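I opened this notebook to record what I looked up in one protein structure. The entries follow the order in which I consulted it.

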Amino acid sequence: MKELSLNILDVAENSVKAGATLTEILIDEVGDTFTLTIKDDGCGMDEETVKAVVDPFYTTRTTRKVGLGVPLLKLACEQTGGEFTVSSKTEQEHPDSHGTVVTAVFNKNHIDFTPLGDVVSTITTLIQGHPDTDFLFCHTTEKGEASVDTRQLREVLGDVPLNSFEVIKWTDEYLREQYQGFN
C-alpha cells in the first residue's frame with residue numbers, strides 16, 4: 001500500500017469484523033521513530049491464527065484466497081529496519097480482557113518509510129462506515145497532538161448518529177485543524 005493510512009483502514013476494518021466495540025488507533029512519533037499501534041477489544045485470535053495472520057496466503061475471506069493487509073504492513077515497517085508484532089487474547093480464554101494489538105515500529109527517516117497519507121479521511125471513513133463502533137484516534141508528535149474519541153462525541157451528541165453528514169464533516173474539520181498546528 002502506498003500510504004500507511006490505508007494499512008490503518010485495513011487493520012481497523014479487521015477489528016470491526018472481529019466484533020470490537022472499541023478500536024484504538026495510536027500513532028506516536030518520537031525522534032526518528034514512528035510507532036503505529038492498533039488495539040481492539042474484539043473476539044481475539046488463538047496462537048495459531050496470530051502466527052498465520054502475517055502470511056499473505058492466509059485469510060478468513062471467502063471471496064479471495066489471499067489477505068495482504070497485515071503482511072504488507074509488516075513488510076513496510078521491516079523495510080525501514082523496524083519491528084512488527086501482533087498479540088491477541090481470545091474471548092473464550094480471557095472473557096474480561098480479550099482483543100488484539102498490532103504494533104508496527106518504523107524508522108521514519110529511512111528511504112523506504114511509507115508516508116502516513118490522509119489519515120483524517122481514514123478515521124472519518126471508519127466512523128461513517130461503523131457508527132455503532134467506538135474509535136479512539138490519537139497522533140502524538142513533538143509538535144503537537146491530533147485526536148478524536150467517538151465515546152466523547154456520543155456523550156455530547158446524545159441520539160445524533162455519528163455517521164450523519166454534519167458529524168462527519170465536523171470530525172474531518174476538527175482533525176484537520178489539529179493537524180494544522182503541527183506545521
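Entry 1, one helix. I began with helix α4, which spans residues 119-129 in this predicted model. I looked up its buried residues and found V119, V120, T122, I123, T124, L126 and I127. Buried here means under 20% relative accessible area.

Entry 2, its partners. Which elements do the buried residues of α4 pack against? I noted two helices and a strand from the later part of the list, α5 (150-157), α6 (165-180) and β6 (144-149), among them. The list also includes β5 (134-141), α1 (4-17) and β1 (22-30).

Entry 3, the whole fold. I then recorded 6 helices and 6 strands for the protein. Read from the N terminus, the order of elements is α-β-β-α-α-β-β-α-β-β-α-α.

Entry 4, contacts along the sequence. I considered contacts between residues at least 6 apart in sequence, and 61% of these join residues at least 24 apart.

Entry 5, overall dimensions. I noted that the C-alpha atoms fill a box of roughly 40 × 40 × 30 Å along the principal axes. The radius of gyration is 16 Å, which agrees with the value near 16 Å for a compact globule of 183 residues.

Entry 6, burial and surface. I found that 44% of the 183 residues count as buried. The protein exposes about 10,100 Å², and carbon and sulfur atoms supply 51% of that area.

Entry 7, charges. I recorded 15 positive and 31 negative charges, whose mean positions lie 5 Å apart.

Definitions and conventions. Residues are numbered from 1 along each chain as its sequence is written. This is a predicted model: local features need pLDDT of at least 70, side-chain atom pairs count only at pLDDT 80 or more; totals for chains, interfaces and linings use all residues. Side-chain values use heavy atoms; hydrogens and water are left out. Helices (H or I, at least four residues) and strands (E, at least two) are DSSP runs, numbered from the N terminus. The radius of gyration is taken over C-alpha atoms; the globule rule is 2.2 Å times the number of residues to the power 0.38. Buried means under 20% relative accessible area, exposed over 50%, partly exposed in between (1.4 Å probe, protein chains only). Contact means heavy atoms within 4.5 Å. Accessible areas come from the Shrake-Rupley method with a 1.4 Å probe; for residues, only the protein chains shown count as cover. Lys and Arg count as positive and Asp and Glu as negative; His and the chain ends are not counted. The place of a charge is taken as NZ of Lys, CZ of Arg, CG of Asp or CD of Glu.
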